[in-house]
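Trainee: Could you take me through one helix pair in this model, and then help me place it among its surroundings? I would like a close look rather than a quick tour.

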Amino acid sequence: MVGTGVSAAHGILIKGGTQLQKASEIHTILFDKTGTLTNGRPVISDVQMVGTDVDVGVGADTDNQSGGTAEHSEADILWRLGCLERNSEHPLAEAVVNYAKQHCPDRAWVDPTDFVATTGQGVTGQISGVRISLGNRTFLKAQNVPITAATETALVDLERQGKTAVIAELDGTAVAALGISDEIKPDAAAALRYLQQKLNVEVWIVTGDNRRTATAVAKQLDISMDYVIAGALPAGKLQKVKELQNEGKVVAMIGDGINDSPALAQADLGISVGRGPDIAAEAADIVLMKGNVSDVCVAIDVSKVIFRQKRLNLFWSMVYNCCGIPVAAGVFYAQTEVRLRPEVAAIAMAFSSSVRGDDVSKVIFRQKRLNLFWSMVYNCCGIPVAAGVFYAQTEVRLRPEVAAIAMAFSSISVVLSSLALKLYRPPEVVKKTPKQQTV
């Protein structure tokens, strides 16, 4: 409850204690790129008309049709792309539609016919009786569309800038190369470094973009290409999760889209970005409501600290019970003639619970020196008093009501420590937000 409460206060919803414990055991994390490491608000940054040798830059006057035919000018192509993508929920489709609306404000929109979408590759359909497609190289090749040298040059140029490059096809001919950019989240690079260096977690990036684009993104996030999977379809992400699990690693998958759902469900711990679709949140064990990459650090940090302390608590509980119960039962009375009165045993239990309550405060306040102080008090004073070591000198007797009050104080201390969740301090990486970078 402490861990889930701390996490919820920071906008991280953990679905239960089992998931919290699993977070403390994570060895490897796979990050989807779009919408997870980036803001998920892609925009069209470049449009190069490769079929007509006309370059339409952002903000250019698309009413100028000097570079194309009267029937299929650059403005007409943009309008058809907007019509094709207008009913899609994919973030890249939204970028295409918004760009088309900006450059064709006076055109009436129509719905496509014979519409077909291929996951992770592209879409095709007919607009006013003309076939048009938009997708990556693999998709266009599957449509038997030849990719010319001019088209390939435009694609490579965009990909080297770290942009997602797609091709528009009209009636079997590649006519335009579109560059789509998305800003990397301000905390992404610092969060990935923290996971690697402070929490000793292996970090991977899986993306549907090709290797050139993935390389540019990995360079900005300071991730080795040995830990980047490019051109990953949903099945590819799922396969990578299984592969890492077969190596004996405990794997977490972080994504925000429907395409990530199979991998989220397969991973030992699925983490969904809150702005993603419901199916992704349903498949995940943890939901990041604010969508910050650094929130992953908080979730894992809290879980590791709590379960490290729980193991320590278990150790001391076993020591206490293995020693205290035999003394209370009189096992050593024949040798030591030590009597442990019921009220003394009760106050000893109260001290024990108070120390466990203070262990909770360690998670919340990280006051290790205060923990050490109370542990010393308990061990140096509580145990000898409970064993009657000072009775001959002090003749102090603990009345039952005193022991009852001590037990009540013990419970109250645990509750108060739990109520102090709002004072939890997340890792330093959460406070650092470097300037945004553009992909």
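Mentor: Gladly! Let's start with α7 and α9, which are roughly parallel to each other because an angle under 35 degrees counts as such. The model is a predicted one, so please read every value here as computed from it. Helix α7 covers residues 149-160 and helix α9 covers residues 211-221; their axes cross at roughly 20° and come within 7 Å. The crossing of α7 and α9 has a right-handed sense.

Now look at the side that each helix offers to the other. From α7 come E152, V156, E159 and R160, and they meet R212, T213 and A216 of α9. Sorted by class, the residues of this contact are 4 charged, 2 nonpolar and 1 polar.

A second helix pair is worth setting beside it. Helix α4 (residues 74-85) packs with helix α5 (residues 91-103) at an angle of about 140°, and their axes lie 8 Å apart. That angle makes α4 oblique to α5. Here the crossing is left-handed. On the α4 side the contact is made by L78, L81, G82 and E85, while α5 brings A93, V96, V97, Y99, A100 and H103. The class count for α4 with α5 reads 7 nonpolar, 2 polar and 1 charged. If you put the two pairs side by side on your screen, you can go through both lists residue by residue.

Next, the strands. Strand β7 (residues 130-135) is a good one to follow, as 5 of its 6 residues are buried, so the rest of the structure largely encloses it. Strand β6 (residues 122-127) runs antiparallel to β7, and 6 bridges join them. Within that pairing, G125 has I132 of β7 as its bridge partner. The hairpin of β6 and β7 has 2 residues between the strands, and S128 takes a positive phi near 55° there. Strand β7 is also joined to strand β8 (residues 164-170), again in the antiparallel sense, by 4 bridges. I132 comes up once more here, standing opposite L170 in β8. As background, side chains in a regular strand alternate between the two faces of the sheet.

There is also an open sheet to find. Its 7 strands follow the order β1-β15-β14-β13-β2-β11-β12, with mixed pairing. At the edges are β1 (12-14) and β12 (228-229), each of which pairs on one side only. Strand β1 pairs with strand β15 (residues 286-288) in the antiparallel sense, over 3 bridges. In that pairing I14 stands opposite I286 of β15. Helix α10 (residues 234-246) packs on this sheet, where it touches β2 (28-32), β11 (202-206), β12 and β13 (251-255). The direction of α10 makes about 175° with that of β2.

Finally, step back to the whole protein. It contains 18 helices and 16 strands. Of its 439 residues, 47% count as buried. Among contacts with a separation of 6 or more, 66% come from residues 24 or more positions apart. To return to your pair, the picture to keep is that α7 and α9 have a right-handed crossing, with a contact that includes 4 charged residues.

How values were computed
Residues are numbered from 1 along each chain as its sequence is written. This is a predicted model: local features need pLDDT of at least 70, side-chain atom pairs count only at pLDDT 80 or more; totals for chains, interfaces and linings use all residues. Side-chain values use heavy atoms; hydrogens and water are left out. Axes are lines fitted to C-alpha atoms, for helices over the stretch in contact, and angles run from 0 to 180 degrees between N-to-C directions. Angles under 35 degrees count as roughly parallel, over 145 as roughly antiparallel, 65 to 115 as roughly perpendicular and the rest as oblique. A crossing is left-handed if the near helix is turned anticlockwise from the far one by less than a right angle, and right-handed if clockwise. Contact means heavy atoms within 4.5 Å. Ala, Val, Leu, Ile, Met, Phe, Trp, Tyr, Cys and Pro count as nonpolar, Asp, Glu, Lys and Arg as charged, and the others, Gly among them, as polar. Buried means under 20% relative accessible area, exposed over 50%, partly exposed in between (1.4 Å probe, protein chains only). Two strands pair if DSSP finds at least two bridges between them.
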